[in-house]
Amino acid sequence: MAALAGIPLLSGCFWLDGPQSTFDPNGPVARHQQDLFYLTCWVSLAIFVIVGAVLAYAMIKFRAKGDAEDFPEPAEHAHGNPMVEISLIGASVLSLVIIAIPTFKEIWYSYDVPVENKADAYEVTATGYQWWFKFDYPSETAQTLDGAGRIANAPFSTANELVIPAGRPVKINLRTVDVIHSFWIPKLAGKVDMMPNRGNHLWVEADKPGYFWGQCAEFCGESHAVMRFRVIALGPREFNDWLNAQMAPARKLAAAGADVGKPKAQFAAYRTFARNEAGYSETFDNAPLDSWRMQQKAAPSEDAALVDRGRQLFNTKTCSTCHTVRGDGYIGVVGPELTHVGARSTIAAGLLENNRDELHRWIHAPNEVKPGNTMWVKGYIANNIKLTPEDEDALVNYLESLK
Ligand code: CUA
């Protein structure tokens, strides 16, 4: 009984509106899936009550009432009651049908954007990597600089924070470059696997602008548990503004800014601050979308010499073999795209808040944050990369400047 009572505790059912709760659907797909879940629960509950009641009735009514009945003569073998048997079979079939019809309906519904909404659908492609997510926007064309410094076109992709238009169906193609991952945004839709050599997809729609937590839901190696992502849904205008800002090549240092070192918001991530601890703030918990917007605008520290040194180190320390920074001549595709990494609210696949301290910590010892990750194993170790504190500082300043 204690173990049973512990199930809701362990499964987090008591936080029905928690960041990754499926009981708080924020879109039609998640809502349909929740309705089906409840229907199944109610049918099961009805069966449980009926069977339990009959069992209890039989146990009480036919219990032994004395020594004589404790050791009765075995009853003569009797044949079953056909009426009872047929009606039990009928009832079982009926309850399965009651569950099956809406199940098939919901499978069709969640499989793809309904025909009548197809024209309005936005399409992106999510690709799983050990251990982060890449998001491609096939319908957008971004800008970069060619060898002669002229504007040229480039495909647009980003990482770990999927920004989508709210109130519009979004079809998400699911791919993986290595092992099986599973793509899951609990408040928007159920999970669908990313399979090697097989194209999967799902669709979601966010009712209104919001900030949603996502998580890889299939064991995919040692850092599976920290393979997270975020989905940010924006109204049409704001979505367009975001796209336009993202299309631009990497920002070159402009004016000197202030506003350094102030904790902008607490991100529910790897490190959670205790109430009253230095750095604790409720801003994020109360309004994650507003915090994300703040991150878009917050001015980074702007030490032009340091940023420049970081940009060069990015090349000499071989970061550029794996990462793309459009406009700075870096075109690696093994790791996350970083052209506008400074505008994201998180780094390290949704694990760490994007601020100077966490950037330092991440590039100082990525293996301590995400064991086994490629940057550490195939970058730092393979290329024997050592970063002095000054190098790290320059790189942090450079990354932070990429708004
Ligand atoms: Cu990717 Cu678990």
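Which residue in E10 does Pro165 stand opposite? Select Pro165 and follow the pairing across: Leu234 in E10 stands opposite. The model on display is a predicted one.

**Strands around E10**

Extend the selection to strand E4, residues 161-165, which pairs with E10 in the parallel sense over five bridges. Next, add strand E9, residues 210-216; this strand runs antiparallel to E10, and six bridges join the two. Within that pairing, Tyr211 has Ile232 of E10 as its bridge partner. Strand E10 itself, residues 228-234, is mostly covered, with six of its seven residues buried.

**The five-stranded sheet**

Now display the open sheet whose five strands follow the order E3-E2-E1-E5-E8, with mixed pairing. Strand E3 (151-159) and strand E8 (200-204) stand at the edges; each has a single partner strand, so one side of each lacks a neighbour in the sheet. On average, neighbouring strands of this sheet are turned by 30 degrees against each other, direction ignored. To inspect one pairing in detail, select E2 (residues 132-145) together with E3: eight bridges connect them in the antiparallel sense. Asp136 is a useful marker, its bridge partner in E3 being Ser157.

**Helix H4**

Move to helix H4, residues 82-111. Its 30 residues reach 43 Å from the first C-alpha to the last, close to the 44 Å expected at 1.5 Å a residue. At the start of H4, select Asn81 and Met83: a side-chain oxygen of Asn81 reaches to within 3.0 Å of the backbone nitrogen of Met83. Further along, Ser95, Ile99, Pro102 and Glu106 are buried. An α-helix has 3.6 residues a turn, so residues three or four places apart point the same way. The buried residues of H4 pack against helix H2 (28-61), which should be shown next.

**Salt bridges**

The model contains 16 salt bridges. Begin with Arg150 and Asp146, whose side chains meet at 3.1 Å, N to O. Arg150 is exposed at 54% relative accessibility, whereas Asp146 is partly exposed at 27%.

Then select Arg311 and Asp308, which form a salt bridge with their closest N and O atoms 2.8 Å apart. The two lie three residues apart in helix H8 (residues 304-316), and are therefore separated by about one helical turn. Arg311 is buried at 13% relative accessibility, while Asp308 is partly exposed at 37%.

Finally, add Asp328, whose side chain meets that of Arg311 in a salt bridge (3.1 Å, N to O). This pair links distant parts of the chain, 17 residues apart: Asp328 lies in the loop between strand E11 (324-325) and strand E12 (330-331), and Arg311 in helix H8. Asp328 is buried, with a relative accessible area of 12%. Include Lys252 to complete the view, since Lys252, Asp308, Arg311 and Asp328 are linked in a network of salt bridges.

Terms used:
Residues numbered from 1 in each chain as written. Predicted model: local features only at pLDDT ≥ 70, side-chain atom pairs only at ≥ 80, totals over all residues. Heavy atoms only, no water. Pairing = 2+ DSSP bridges. Helix = DSSP H or I, 4+ residues; strand = E, 2+ residues; numbered from the N terminus. Axes fitted to C-alpha atoms, helices over the stretch in contact; angles between N-to-C directions. Buried < 20%, exposed > 50% of the residue type's maximum accessible area, 1.4 Å probe, protein only. Expected span 1.5 Å × (residues − 1). Contact = heavy atoms within 4.5 Å. Polar contact = N/O pair within 3.5 Å; in protein donor to acceptor, adjacent residues only side chain to side chain. Salt bridge = Lys/Arg side-chain N within 4 Å of Asp/Glu carboxyl O.
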